[in-house]
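Biologist: Hi! Could you pull the model up for me? I have a few quick things to ask.

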Amino acid sequence: MGTTTIGIICIILVLIILFQIAKASELTSIIKGEEEDQNVTADQLVGERGSPGEHQGNGNAIMSLIFVIGFLVLTVWSAWYYRGLYLPEPSSVHGMWIRTMFFWTMVATVPIFLITNFVLFYFAYKYRARKGHKAYHYAENNRLEVVWTVIPAIVMVLLVFEGMRSWLKITAPAPEEAIVIEATAQQFNWTLRYSGADNDLGKKSVKYIDGENTLGQNWTDKPNYDDFTADTLFLPIGRPVQIKINSIDVLHSFYLPHFRVKMDAVPGIPTQFWFIPTKTTEDLRKMEDNPNFNYELACAELCGQAHFNMRKPVYVGTEAEYNAWLKRQKPTIEKLGGNEYLKKFEHKLEEIKKKELEHKLDHHHGHGDDGHHADKKEIKSKDLARL
Ligand SMILES: [Cu+2]
């Protein structure tokens with residue numbers, strides 16, 4: 001979906017809003033005719049409620065004023081008090097776009113939030129029931145309604161438009177030269193598989209998963225030979241990285257908070273995300289004035305009892321550091337035992353094929369009508385033989 005398409009959709013939505021306003025103001029002018037002489041005095045209200053007196057009205061009014069002032073002051077204060085816990089400036093290219101979007105969303109919404117919440121409670125205080133005060137019945141003001149509908153509608157459309165534009169850039173296909181890494185989620189661990197020198201991940205299937213072959217790699221597929229798994233998500237600065245995300249049990253979420261990367265890991269539906277790291281771990285250590293700082297990969301989906309434990313260290317280094325690290329990594333096939341293991345795997349493949357064939361035959365035999373008839377006939381002939 002291109003930018004033009006989104007633009008057209010936005011215009012259509014604005015037109016629908018304007019049409020709804022026109023219809024609503026038409027309806028209110030009809031109702032208006034039936035709503036005259038409904039002004040009520042505070043005295044009448046007090047009388048109807050059985051004279052609770054002015055005290056209760058005052059008490060509630062003052063409480064709501066205290067509540068809203070306390071609430072707004074605490075909101076602002078807590079945002080300031082916890083400022084040290086906020087994430088540092090994003091360490092990725094698209095992270096900066098997301099930050100800019102957050103900034104403008106806050107500019108558009110925070111003042112409105114503060115003003116409307118204050119006014120809501122302040123008016124409850126200001127217009128409390130008092131003896132001798134007559135409530136002024138103010139039914140409608142079309143111009144005012146148009147203003148407070150159209151302005152927020154335009155602001156919202158602009159925010160959504162910018163959001164969609166960024167989202168399309170972020171989720172666009174990864175560049176050819178991107179380093180391809182696979183992240184497999186399971187309770188409660190991430191397995192990171194690098195695609196190796198060919199930058200191509202070998203095929204895998206749940207059929208092949210066992211104690212040794214934990215990802216279920218298909219060892220007849222050559223691109224698997226140079227694939228390796230790593231305990232750290234090691235990335236070079238400035239290079240695009242594509243993460244192919246999948247899960248072998250429940251829902252998880254691949255989350256790199258400092259890079260503003262977050263994507264669900266869904267069993268059966270592979271997802272992906274690509275990004276460019278812009279700050280090394282060393283940069284962050286200096287920025288945060290913390291020599292022990294480390295980036296982190298976390299699971300952001302409450303996936304079970306040890307969900308909190310589902311994390312991996314992330315390290316962003318220079319290109320030279322990355323190459324040196326690559327040299328130290330051993331392909332999975334080597335760790336499994338090389339050719340010896342490949343022979344074992346071939347054997348396993350044959351067994352799997354045999355089982356599949358047996359299963360197919362079983363299936364055919366058990367459910368086919370002919371099978372049943374044949375069984376019955378056999379029994380009958382045996383019985384006859386006995387007689
Ligand atoms: Cu998880």
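Biologist: Along strand 9, residues 295–299, which side chains point to one face and which to the other?

Modeller: Tyr-295, Leu-297 and Cys-299 point to one face and are buried, while Glu-296 and Ala-298 point to the other and are not. Buried here means that 20 or more other C-beta atoms lie within 10 Å of the residue's own; 12 or fewer is exposed, in between is partly exposed, and C-beta atoms are placed from the backbone. Strands are DSSP runs of E with at least two residues, helices are runs of H or I with at least four, and both are numbered from the N terminus.

Biologist: Before I go on, what should I know about the model and the numbering?

Modeller: The model is predicted: local features need pLDDT of at least 70, side-chain atom pairs count only at pLDDT 80 or more, and totals for chains, interfaces and linings use all residues. Residues are numbered from 1 along each chain as its sequence is written.

Biologist: Thanks. Back to strand 9: how many bridges join it to strand 10?

Modeller: Four, and strand 9 runs antiparallel to strand 10, residues 311–317. Glu-296 stands opposite Pro-313 there. Strand 9 also pairs with strand 6 (residues 252–256), in the antiparallel sense over two bridges. Two strands count as paired if DSSP finds at least two bridges between them.

Biologist: Which residues of strand 9 are the bridge partners of Phe-254 and Tyr-255?

Modeller: Phe-254 has Cys-299 as its bridge partner, and Tyr-255 has Ala-298.

Biologist: And what's the strand order in the sheet?

Modeller: It is an open sheet of five strands in the order 4-10-9-6-7, with mixed pairing. Strand 4 (233–236) and strand 7 (261–265) are the edge strands, each pairing on one side only. From one strand to the next, the twist averages 20°. Helix 7 (residues 319–328) packs on the sheet, touching strand 4 and strand 10, and its direction makes about 140° with that of strand 4. For such angles, axes are lines fitted to C-alpha atoms, for helices over the stretch in contact, and the values run from 0 to 180 degrees between N-to-C directions.

Biologist: Switching topic: how many residues are in the largest nonpolar core?

Modeller: It has 29 residues, and Ala-183 and Ile-243 have the most contacts inside it. The largest share, four residues, comes from strand 1 (residues 179–186). A nonpolar core is a set of buried Ala, Val, Leu, Ile, Met, Phe, Trp, Tyr and Cys residues joined through C-beta atoms within 7 Å.

Biologist: What does Ile-243 touch?

Modeller: Not counting residues up to four places away in sequence, Ile-243 touches Ile-181, Ala-183, Phe-254, Gln-272 and Phe-273. Contact means that the two C-beta atoms, placed from the backbone, lie within 7 Å.

Biologist: Any odd backbone spots? Where does Arg-260 sit, and is it buried or exposed?

Modeller: Arg-260 is in the loop between strand 6 and strand 7, and it is buried because 21 other C-beta atoms lie within 10 Å. Its phi is near 55°, a positive value in a residue other than glycine. Asp-289 also has a positive phi, of about 55°, but Asp-289 is exposed, with 7 other C-beta atoms within 10 Å. Most residues other than glycine have a negative phi, and most peptide bonds are trans.

Biologist: Which peptide bond is cis, then?

Modeller: The one from Gln-187 to Phe-188, with omega near -5°. Phe-188 lies in the loop between strand 1 and strand 2 (189–194).
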